[in-house]
Amino acid sequence: MKFKNTKTGVVIDLTAPISGGNWVAIGEVEEKQTPKVKPEVKIKPKQEVVETDDFDLTKMTVDELKTFATENDIELTETKKADIIEEIAKAFEMWVVTCKNFASIDDIIELWRPLTNEEITRATALLPVISDTLRVEADKAGVDLDQKSNDNMAYANVLKSVTVDVLARTLMTPTDKEPMTQESQSALGYSWSGTFLSPGGGLFIKKDELKRLGLKRQKIGGRHLYGEDTWNPSHFDYQRDYWL
């Protein structure tokens, strides 16, 4: 019986059958398993949907515009659609101006010194707090810092300088020990004294810094020590500006 090596093609004639390896009997049908090929699956890339906050006020109705203004705490005084749109736009412009900081990280580096990565993180969080604190102090004095800094470039530079000074003082205040600027000790009859950088702790604004912004001024007033003579018909009426 003849056998053939399927790998080398060698044919041999043997009396005893053999099996295994690459030897097969001539005339024997070799069943070959064809590998299953997985169909190629084409993956379509997903289209990214970019969400934007842009919207067209002109496509809204008057009622929709009024609802939108109410949801955003905008007081409307106009009734026509075009006037309402203009009023809403101006309100958002003022909101953007109000939300800005009076100084930036670059201003701090230029006016003070370079910052470490940790200080940049703290400064980024402190800038809006300092700006809003100055706005509150200015509001007590009846001053609109945003409007005044927009109208006067010199005032804007002073406001920037004050903001940087407050921020620098806050960054210099240590968080792992007492914020001291100076300390003295004596021996024998032991005594200790020191000066705190921030006696109250945390962020604070000096009176001199408020004076630089025109928010602290000397007040002059007077008081009547003995009151007014209301029973004497010959007294001077200060409200009517003549003698009775």
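1. A good place to start is Arg-169, whose charged end sits over the ring of Phe-204, 4.5 Å from the ring centre. Here, a charge counts as over a ring if NZ of Lys or CZ of Arg is within 6 Å of the ring centre and within 35 degrees of the ring normal. Arg-113 does likewise with Trp-112, its charged end lying 4.1 Å from the centre of that ring.

2. A word on the basis of this note: the model is predicted, so local features need pLDDT of at least 70 and side-chain atom pairs count only at pLDDT 80 or more, while totals for chains, interfaces and linings use all residues. Residues are numbered from 1 along each chain as its sequence is written, and side-chain values use heavy atoms, leaving out hydrogens and water.

3. Now the overall layout. The protein has 7 helices and 7 strands, in the order β-β-β-α-α-α-α-α-α-β-β-α-β-β along the sequence. These elements are DSSP runs numbered from the N terminus: helices are H or I of at least four residues, strands are E of at least two. Of the 244 residues, 22% count as buried, meaning under 20% relative accessible area with a 1.4 Å probe, protein chains only.

4. Helix α4 deserves a closer look. Its 24 residues, 117–140, should span 34 Å at 1.5 Å a residue, and this agrees with the 35 Å between its end C-alpha atoms; the expected span is 1.5 Å times one less than the number of residues. Where does α4 bend by about 30 degrees? The bend is at Leu-126, and Pro-128 follows within four residues. The bend is the angle between axes fitted to the seven residues ending there and the seven starting there. Just after α4, Gly-142 takes a positive phi of about 75 degrees.

5. Several α4 residues are buried, including Glu-119, Leu-126, Ser-131 and Arg-135. Leu-134 is buried too, and belongs to the largest nonpolar core, where Leu-134, Ile-108, Leu-145, Leu-167 and Leu-213 touch the most other members of the 23. Such a core is a set of buried Ala, Val, Leu, Ile, Met, Phe, Trp, Tyr and Cys residues joined through side-chain atoms within 4.5 Å. The elements giving two or more residues to this core are α4 and α6 (153–172), and α6 supplies the largest share, 7 residues.

6. Ile-108 has contacts (heavy atoms within 4.5 Å) with residues including Arg-113, Ala-123, Leu-127 and Leu-167, not counting residues up to four places away in sequence. There is also a second, separate core of 9 residues, with Met-60, Phe-68, Ala-69 and Ile-88 among them.

Notes
Buried < 20%, exposed > 50% of the residue type's maximum accessible area, 1.4 Å probe, protein only.
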